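Reader: I would like a close look at one part of this model, the aromatic pairs and the helix packing beside them. Please keep to what can be read from the coordinates.

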Amino acid sequence: MPPRTNDSPPDGGRGTEPPAPAEPGHDRTPDEAAHRRGPGGERARTGSQGPPPREAAAEHRTGPGEDVSDGRTHRRHGNPPDDEDGRRAPSAPAAEGGGEGPGPAGPGGAGQRVGALRRFSAAARRSRGARLTLCAGLLAVAMTAGAVAVEDGRDGGRAGATGAAPVVAAGALAGGDLGAGIRSLQAHLRSQPRDFGSWATLGTAYVEQARTQGDPSRYPQAERALERSLALAPGNEQALAGRAALAAARHDFTGALAYADRALEQNPYSERALCSRIDALVELGRYEEAAGAAATADRRRPGVPVFTRYAYVRELRGDVRTARQVLRRALDSASSPADVAYVATALGQLAWNQGEYEAALTHYARALAADDGHLPALEGRARAQAAGGDRAGAVKTLEQVVVRAPLPGPLVALGELYEERGADGDRAKARDQYALVDAWTALARAGGVDADLDTALAAADHGDAGEALRAARAEWDRRHSVHTADALAWALHVNGRDEEALPYARRATATGYRNAAFLYHRGVIEKATGHDRAARGSLTAALELNPGFSPPGARAARAALKELGAAR
C-alpha cells in the first residue's frame, strides 16, 4: 500500500493524519484466521456500537506472503545494533500491563528453536508418507528462517533519520507481493539504516508474513526491526502500531491494547492501531468496549479492515443478519483481489457457522477465484465439503492446506477426517497430524507466541487431558472470552470435573454467539451433571444450527441425544 496522507479525516474532525508507511495486511489475528475463533463474555448493550458501517473505498491489503530468503547471508557492518544484543523493547505503560519481557531473539530463544526443531524431526520420523514429510520440512525451514535477517548494522553516520518508506517497497506491498516488498525494504535499509519508518514497515511486514505462512519464527525478526525503529525515533507511531500488531499476533492482547493506545495518542487515524485495538478488546472479552472501538474506527477509517471487524463484533453478539449485511457491503467496496478473497472468506465462514453449506461453498469459490492460494478459503471450503458429505474432497483440500501451512486448526480437522474415514493406515495418519500440532506449538512458543488456547483445544480431544486443563486455566487467567470459557469448560469435562465446567460452558454461550461446538460442549456437560432437559435442548440446538460442525462431535451429539431419549 502506498503511503497515505489524509488531509480530510473521514469523520471531518480533528486535524490531519500524518503520512503512514505501507501497511501490509489487515486480516484478523492468527487466532481468528486459523480457527474462526473470537472472544466473548458479557453481552454488549444494544446500540453501543452505533449504526452499521457506511460504504467507503476499501483499503488495500497484501495477499499471502512468500519466503523472503534470498539464499544469502548478510555481512554486518560495524558493531551490532542495540536490537541485536538482547536489549528489551520500550515497554508499554505498566498500568496497562503491556510490557514484554526479553523475547526469543536472544540466546534463550535460540535454545528454544533448537528444541522445537528436534520435536519437528521426531514428528517427521513418524511420518507415513511424503505429504507429512513435506509438512515437517516446512516447519523445519521455518525454524531456521528466523536466523536470516536484513543486515542492520550501524551506518557510521552516513545518513540522517527519516520516516519515509521506500517507494519501491510500498508499491510491492500494495501489489500484494509481500516477499518482494520485504526484499526491497531490506535492500533500502542496507543503504539507509537510520530510516525509522522503513524499519517499522519491515517489522510489520514480518508480522504479516508470519501470519500468512504460519511461520512464528518471523516474530523475533519483527521484534528486532520494530525495536530498531523505536531506538532511532523513540515513541514513533508507526513502530508502536507495529508493536501492537506483533503483540496481538503473539496472543499478548493486553500488550497489544497498550501499544495501540499509545499509537492512537499520536495519530488517532492510524488504521493499523485502530484495528489492533478492536482485535485486542475482542480477544480480551471486553465486548462493549470492542463495539465502541469498532464504531470509532468506522468513523475515522472506514474500509475493508474495519468493516470485517465490525461484522465480527456483531456476530459475537448473535446478530448474524447485521454481520452478513456489513460483510456484503465490504465485499461490494473491495477493490483488490486480496480484499475480495478476504471478505468472501469471512462470508463463507459466517455461512458455515449457520449450517448453510452451499452458500459457504459459493463464497469460498469467489474468494479462490480472486486468489487461488488463499489458505483460509481453502480450509473453509474443506470444512464445508466435509459437512456437505464430500469427505474425499475435504481430505484432499485439507492435505493441500497443511502442506503449505501446518496450523493446529486444519491439522486437527484433517486428523479427524482420517479417523472418520477409517481406511488402512488412517489412524496412523491421524496421529501424525496431532503430533504436528504439538510440533507447531513448540515452534510458536519459540517465536514468543502464547499457544495455550491451541494446546487446550487440541489436547482435550487428541492429547493429554491434564495438559489441556493446565493450558486452559493459564489462558483463562489472561483473558475471559467465549472461546477461553469454552476451552476451559471442555478441559474440565475431559478431566471429569463437570460441576466446575458447567458455569464456564454457560458463559461461553451467554453472548448470543451461534457456535455449534459451544452448544455441543454445553450439552455434554449438562448431561454429565444431570440437567437432562437442558442437555437435550443444547445438543438439539447444536445439530440444528450446524449438523456438520465436527464429524466426531456431531456423531457424539446424536449418540448423547439417543441416550437421553431412552432415559426419559
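Author: What follows takes the confidence of the model, then the aromatic pairs, then one helix pair.

This is a predicted model, in which local features need pLDDT of at least 70, side-chain atom pairs count only at pLDDT 80 or more, and totals for chains, interfaces and linings use all residues. Residues are numbered from 1 along each chain as its sequence is written, and side-chain values use heavy atoms, with hydrogens and water left out.

The protein chain averages a pLDDT (the predictor's confidence in each residue, from 0 to 100) of 78, and 68% of the residues score at least 70. Over residues 1-110 the pLDDT is below 50. It also stays under 50 over residues 140-172. Where pLDDT is low, the predicted coordinates should not be read in detail.

The protein chain has 26 helices and two strands; these are DSSP runs numbered from the N terminus, helices being H or I of at least four residues and strands E of at least two. Of its 568 residues, 60% count as buried, that is, under 20% relative accessible area, with exposed over 50% and partly exposed in between (1.4 Å probe, protein chains only).

There are four aromatic pairs in the structure. Rings of Phe, Tyr and Trp (its six-membered ring) pair if their centres lie within 6.5 Å; planes under 30 degrees apart count as stacked, over 60 as edge-to-face and the rest as tilted. Trp476 and Tyr504 have ring centres 5.3 Å apart and planes at 85°, so this pair is edge-to-face. It links distant parts of the chain, with Trp476 in helix 21 (residues 465-478) and Tyr504 in helix 23 (residues 498-508), 28 residues apart. Trp476 counts as buried because its relative accessibility is 9%, while Tyr504, at 23%, counts as partly exposed. Tyr513 and Phe518 also pair edge-to-face, at 5.8 Å centre to centre and 75° between the planes, and both are buried. Trp490, Tyr520 and Phe549 form one aromatic cluster.

Tyr520 also belongs to a helix contact. Helix 24 (residues 516-528) packs against helix 25 (residues 532-545) at about 160°, with the axes 8 Å apart; axes are lines fitted to C-alpha atoms, for helices over the stretch in contact, and angles run from 0 to 180 degrees between N-to-C directions. The two helices are therefore roughly antiparallel, the term for angles over 145 degrees. Contact means heavy atoms within 4.5 Å. Among the residues making it are Leu519, Tyr520 and Val524 of helix 24 and Ala535, Leu539 and Ala542 of helix 25.

How values were computed:
Angles under 35 degrees count as roughly parallel, over 145 as roughly antiparallel, 65 to 115 as roughly perpendicular and the rest as oblique.
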